[in-house]
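This report describes the surroundings of the bound ligands and the setting of several individual residues. The sequence and structure are shown first.

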Amino acid sequence: MIEIRDKHDCCGCNACVQKCPVRCIRVYADEEGFQYPAADAKVCIDCGMCENVCPEINGLPQRQPLHTFAVVNPNRQILKISSSGGVFTYLAEKILADDGVVFGAAFDVDWSVHHIAITTIEELSLLRGSKYLQSRIEDSYREAEMYLKTGRKVMFTGTSCQIEGLRLFLRKEYANLLAVECLCHGVPSPLVWQKYLRQTIGDKQIANISFRDKYTGWENYSFRIKMAEGEEFTELSRNNAYMKGFLSNIFLRPSCEQCPSKEGRSGSDILLADYWGVKFLHPEYYDKGGTGLVMTFTMKGEEMMKGIPCHSVALEEAKKYNAGFSCRAHRHKKRAQFFEKLEKEDIESLIRKYCRVSFLSRIEKKVINLKIKIRNKVK
Ligand SMILES: Cc1cc2nc3c(=O)[nH]c(=O)nc-3n(C[C@H](O)[C@H](O)[C@H](O)COP(=O)(O)OP(=O)(O)OC[C@H]3O[C@@H](n4cnc5c(N)ncnc54)[C@H](O)[C@@H]3O)c2cc1C
Ligand code: SF4
Ligand code: SF4
Ligand code: SF4
């Protein structure tokens with residue numbers, strides 16, 4: 001029976017919860033807002049299935065990619081609204097055109113994030129774009145298995161541990177499954193996100209949120225909330241408190257400090273990431289709208305990339321600018337103090353106190369806000 005003694009040992013993939021034959025594992029959110037499983041010993045039949053599917057207990061082997069590519073989606077509109085090189089949309093469109101099903105992370109009604117399945121091109125916008133908080137997997141592995149068994153094509157996307165959880169849950173190879181991992185730095189606490197959101201926009205109705213708005217560029221992206229009444233909250237990502245806290249690792253899930261799924265261990269067919277550093281390494285493949293870094297791990301993955309211009313690049317070079325493929329997140333030294341004060345203190349001040357923003361960044365923020373005001377007036 002699964003028992004979480006140390007929070008570092010559970011990435012929250014929900015594989016155990018979905019696998020339990022007597023459904024005796026419930027999910028609860030801890031004081032930091034992360035979800036964990038808790039089995040009911042009175043109902044448990046001691047079958048051990050929950051432990052068999054846990055990525056933290058049964059690590060998959062490390063793998064090197066077959067190829068590493070620089071890729072840019074040639075559709076400029078798609079590239080603009082995607083976080084990196086727009087490769088997710090390219091792959092998803094192929095699967096949907098073949099009457100397949102695509103799983104990925106979408107906003108829920110309260111702007112938390114959970115995994116859903118889509119079957120039409122119109123629904124793709126729900127999954128497109130990185131949402132920087134942990135997505136709840138809920139029952140999506142079971143749902144994916146159901147589609148796979150009917151022979152329908154399934155593309156399942158998520159963070160590396162979510163893909164590893166899926167692989168272990170399924171326990172067999174399906175020719176009709178394409179598993180796509182998004183290279184993952186770590187996932188922030190859903191509780192911190194809700195607190196930040198409510199403090200920032202109050203009771204205003206939200207129309208859309210983008211963690212990676214390319215209005216200010218791919219490398220220099222912005223965090224943007226569009227309100228239903230047309231008003232906007234936009235900040236350069238590097239000046240935005242939430243993004244600053246995320247990238248400083250102050251409110252990441254504890255398991256991200258010892259991520260079980262790095263370096264190909266997820267069992268994915270394809271990995272998607274940002275090709276940071278492409279400007280210096282391969283200026284010929286640099287696109288100011290975003291260049292994606294794609295790794296293929298299987299022949300199925302290679303096959304899926306056919307039809308989009310891919311430029312083969314060296315993995316070792318790319319890793320120098322994108323350490324996330326191998327390196328785990330380091331705990332912020334004030335993480336414990338941050339969570340202790342979270343309930344009582346103003347969240348923006350708390351983040352700014354522990355993750356200081358430089359004087360230069362504050363000036364830049366003023367300039368960008370001025371530009372946005374002028375642009376809104378011109379509109
Ligand atoms: C939490 C998180 C951390 C990341 N950290 C890094 C990093 O350190 N370095 C790096 O190079 N890339 C990172 N990425 C990946 C990067 O942000 C892009 O998602 C990826 O490059 C694909 O971009 P795209 O333009 O092809 O597609 P997009 O349309 O931008 O991405 C959509 C895809 O992202 C998935 N997705 C969105 N939010 C979540 C979520 N919360 N949980 C699971 N899946 C989600 C969707 O299911 C869909 O598959 C991270 C992504 C996430 C979600
Ligand atoms: S051992 Fe079996 S019955 Fe018990 S919690 Fe795990 S999966 Fe459920
Ligand atoms: S890592 Fe996944 S399978 Fe393992 S205990 Fe946590 S939720 Fe369950
Ligand atoms: S860093 Fe690893 S453990 Fe954390 S969410 Fe990402 S893939 Fe999962």
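## Surroundings of ligand 1

The shell around ligand 1 draws at least two residues from each of α4 (87–97), β4 (101–107), β6 (154–159) and β11 (270–274). The model is predicted, and the values reported here were computed from it. In total, 32 residues surround ligand 1, and those that come nearest are Ser-83, Ser-84, Ser-130, Lys-131 and Asn-322. Sorted by class, this shell holds 16 polar, 12 nonpolar and four charged residues.

Several polar contacts of ligand 1 involve the protein backbone. An oxygen atom of the ligand lies 2.7 Å from a backbone N or O atom of Ser-83. At Gly-129, a backbone N or O atom is 2.9 Å from an oxygen atom of ligand 1, and a polar backbone atom of Ala-105 is likewise found 2.9 Å from a ligand oxygen. Ligand 1 would expose 900 Å² if taken alone, and the protein buries 96% of that area.

## Ligands 2 and 4

Around ligand 2 there are 13 residues, of which Cys-20, Cys-44, Cys-47, Gly-48 and Cys-50 come nearest. The shell comprises 11 nonpolar residues, one polar residue and one charged residue. Cys-44 has a relative accessibility of 23% and therefore counts as partly exposed.

Ligand 4 is surrounded by Cys-11, Ser-160, Cys-161, Cys-184, Gly-186, Val-187, Ser-255, Cys-256, Cys-259 and Pro-260. Seven residues of this shell are nonpolar and three are polar, while no charged residue is present. Cys-256, one of the residues around ligand 4, counts as buried because its relative accessibility is 10%. A search of the whole structure for disulfides returns zero.

## Asn-240 and its contacts

Asn-240 is placed in the loop that runs between β10 (232–236) and α9 (241–247). Its relative accessibility is 0%, so Asn-240 counts as buried. A polar atom of the Asn-240 side chain lies 3.1 Å from the backbone nitrogen of Tyr-242.

Which residues does Asn-240 touch, not counting those up to four places away in sequence? They are Tyr-196, Phe-223, Phe-233, Glu-235 and Arg-352.

## Gly-158 in strand β6

Gly-158 is located in strand β6, one of the elements that supply at least two residues to the shell around ligand 1. With a relative accessible area of 9%, Gly-158 falls under the 20% limit and is therefore buried.

Apart from neighbours within four places in sequence, Gly-158 is in contact with His-115, Ile-163, Val-180, Glu-181 and Cys-182. Between Gly-158 and Leu-315 the C-alpha to C-alpha distance is 22 Å, and the two are 157 residues apart in sequence.

## Positive phi angles

Most residues other than glycine have a negative phi. Against this background, two residues deserve mention. Asn-14 is a residue other than glycine with a positive phi, near 75°. Asn-14 belongs to the segment before α1 (15–19) and is buried, because its relative accessible area is 15%.

Asp-99 also has a positive phi, near 60°, and is likewise a residue other than glycine. Its place is in the loop between α4 and β4; both of these elements contribute at least two residues to the shell around ligand 1.

Technical notes. Residues numbered from 1 in each chain as written. Chains lettered and ligands numbered in written order. Predicted model: local features only at pLDDT ≥ 70, side-chain atom pairs only at ≥ 80, totals over all residues. Heavy atoms only, no water. Near = heavy atom within 4 Å. Polar contact = N/O pair within 3.5 Å; in protein donor to acceptor, adjacent residues only side chain to side chain. Areas by Shrake-Rupley, 256 points an atom, 1.4 Å probe, with all protein chains shown as cover. Helix = DSSP H or I, 4+ residues; strand = E, 2+ residues; numbered from the N terminus. Nonpolar A, V, L, I, M, F, W, Y, C, P; charged D, E, K, R; others polar. Disulfide = S-S within 2.5 Å. Buried < 20%, exposed > 50% of the residue type's maximum accessible area, 1.4 Å probe, protein only. Contact = heavy atoms within 4.5 Å.
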